[in-house]
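Subject: Structure handover

Hello,

Here is the structure for you to look over. My notes on its cavity, pockets, surface and backbone come after it.

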Amino acid sequence: MTGNRLGPFARILRHVVLMTLAVVIVAPFVWMVLCSFKTQSEILSAEIRLIPHTWAAVENYTAALTRVPMLRFLLNGVIVTLVIFLLQVLVNLPAAYALAKLRFRGRSAFLGLVLLCLLIPVHATAIPTYIMFYKAGLLNTYASLILPFTISVFGIFLMRQFFMTVPDDLIDAARVDGMSEIGIVWRVMLPTAVPALVAFGIFSVVAHWNDYFWPLIVVADQALYTPPLGVAFFRLNDQGTSYGPLMAAATISIAPLVIAFLLAQRRFIEGITLTGMKA
């Protein structure tokens with residue numbers, strides 16, 4: 001090894017480690033997709049077979065789409081995750097800009113409060129939040145699925161770190177041109193923050209698309225169910241768990257996330273790379 005350059009053995013070892021980790025991470029998803037093509041008896045068989053002996057893909061995916069209104073659940077997931085993300089952007093960008101570029105008394109204390117809130121799990125506030133929505137009569141509505149997540153302290157911190165990398169000269173030039181602070185946020189900072197927004201959007205959409213805990217508590221109307229609740233229909237029913245349709249429903253549920261990530265992966269990597277830890 002010379003300087004920062006890795007020798008041939010180190011490069012091979014690095015690739016072997018990365019490939020091993022990739023296989024470990026991807027294997028459960030591959031197995032899920034393969035099981036969605038198999039019959040119930042073959043899934044429960046003690047023999048491990050990657051390629052199905054008897055293909056049941058049509059039956060499994062038809063059951064996943066017809067036993068429950070899975071398309072309706074997917075639409076609910078799109079509505080909830082998209083609205084949550086848009087509301088988070090409306091809150092995160094001004095808050096992150098203020099913490100990164102404005103000088104005011106108590107800024108460090110507010111930043112410390114944001115970091116402190118990162119340590120609080122959502123389950124810790126679930127009961128008081130549920131009681132508040134019950135008192136307000138908002139249970140079993142889209143509002144109960146969306147409003148608790150409109151403020152993301154992780155998003156504020158992530159965007160604040162990105163805004164710290166934006167040159168102050170750019171902001172000073174906008175102020176000289178007579179632009180207000182709000183105008184700077186939406187007309188100057190927003191276009192520069194697209195990579196960071198895409199990175200945050202991936203985190204936000206994945207988290208709320210896969211959320212099972214909160215929708216299970218606040219929603220009772222099947223018309224408002226999200227994809228994870230739809231997948232749960234195939235677990236432990238009166239006839240036992242239908243593993244084929246269950247795996248098909250799970251595959252349908254995660255397919256939009258995989259497609260979205262593949263389309264946005266370049267921006268996602270760019271956003272994570274540019275969002276440094278500048279103090």
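The lining of the largest cavity is made up of six nonpolar residues, two polar ones and one charged one. Please keep in mind that this is a predicted model. The lining residues are Val80, Ile84, Leu145, Phe149, His208, Asp211, Trp214, Pro215 and Thr226. Two elements, α4 (70–101) and α12 (213–218), each give two or more residues to that lining. The volume of the largest cavity is about 40 Å³, and the structure holds one cavity of 30 Å³ or more. Asp211 is the charged residue in the lining, because Asp, Glu, Lys and Arg are the residues counted as charged.

As for the overall fold, the protein has 14 helices and zero strands. Its pattern along the sequence is accordingly written as α-α-α-α-α-α-α-α-α-α-α-α-α-α. Taken along the principal axes, the C-alpha atoms fill a box of roughly 70 × 65 × 30 Å. The protein has 279 residues, and 38% of them count as buried.

Next, the pockets. The largest pocket holds about 770 Å³ of space. Its lining comprises 25 residues, and those nearest the pocket centre are Pro148, Phe149, Ile151, Ser152 and Val153. Elements that give two or more residues to this lining are α6 (126–136), α8 (153–163) and α11 (194–209). Of these, α11 gives the most, with five residues. By class, the lining of the largest pocket has 18 nonpolar residues, seven polar and no charged. Phe149 appears in two places: it is among the residues nearest the centre of the largest pocket, and it also lines the largest cavity.

The second largest pocket has about 320 Å³ of space. Ile25, Val26, Phe29, Ile202, Val206, Asn210, Ile254, Leu257, Val258, Phe261 and Leu262 line it. Here the elements with two or more lining residues are α1, α11 and α14 (243–274). The most comes from α14, with five residues. The lining of the second largest pocket divides into 10 nonpolar residues, one polar and no charged. Asn210 is the polar one, because Val, Leu, Ile and Phe count as nonpolar.

On the surface there is a nonpolar patch formed by Phe9, Leu13, Val17, Leu18, Leu21, Val24, Ile25, Val26, Phe29 and Val30. Together these residues have about 970 Å² of accessible area. Ile25, Val26 and Phe29 belong to this patch and also line the second largest pocket. Leu13, another member of the patch, is found in helix α1 (residues 8–35). Is Leu13 buried, partly exposed or exposed? Its relative accessibility is 46%, so Leu13 counts as partly exposed. That value also clears the patch cut-off, because patch residues need over 30% relative accessible area.

One backbone point remains. Asn140 has a positive phi of about 65 degrees, although it is not a glycine. Asn140 sits in the loop between α6 and α7 (142–146). With a relative accessible area of 29%, Asn140 is partly exposed, because buried would require under 20% and exposed over 50%.

Regards

Definitions and conventions: Residues are numbered from 1 along each chain as its sequence is written. This is a predicted model: local features need pLDDT of at least 70, side-chain atom pairs count only at pLDDT 80 or more; totals for chains, interfaces and linings use all residues. Side-chain values use heavy atoms; hydrogens and water are left out. Patches are made of residues with over 30% relative accessible area and no salt bridge: like charges are joined within 9 Å, nonpolar side chains (Val, Leu, Ile, Met, Phe, Trp, Tyr) within 5 Å. Accessible areas come from the Shrake-Rupley method with a 1.4 Å probe; for residues, only the protein chains shown count as cover. A salt bridge is a side-chain nitrogen of Lys or Arg within 4 Å of a carboxyl oxygen of Asp or Glu. Helices (H or I, at least four residues) and strands (E, at least two) are DSSP runs, numbered from the N terminus. Buried means under 20% relative accessible area, exposed over 50%, partly exposed in between (1.4 Å probe, protein chains only). On a 1 Å grid over the protein atoms alone, a cavity is a set of points where a 1.4 Å probe fits but cannot get out, and a pocket is an open set with protein on both sides within 12 Å along at least five of seven lines; lining residues have an atom within 4 Å of a point. Grid points are joined across faces, edges and corners, and a volume is the space filled by probe spheres set on the points.
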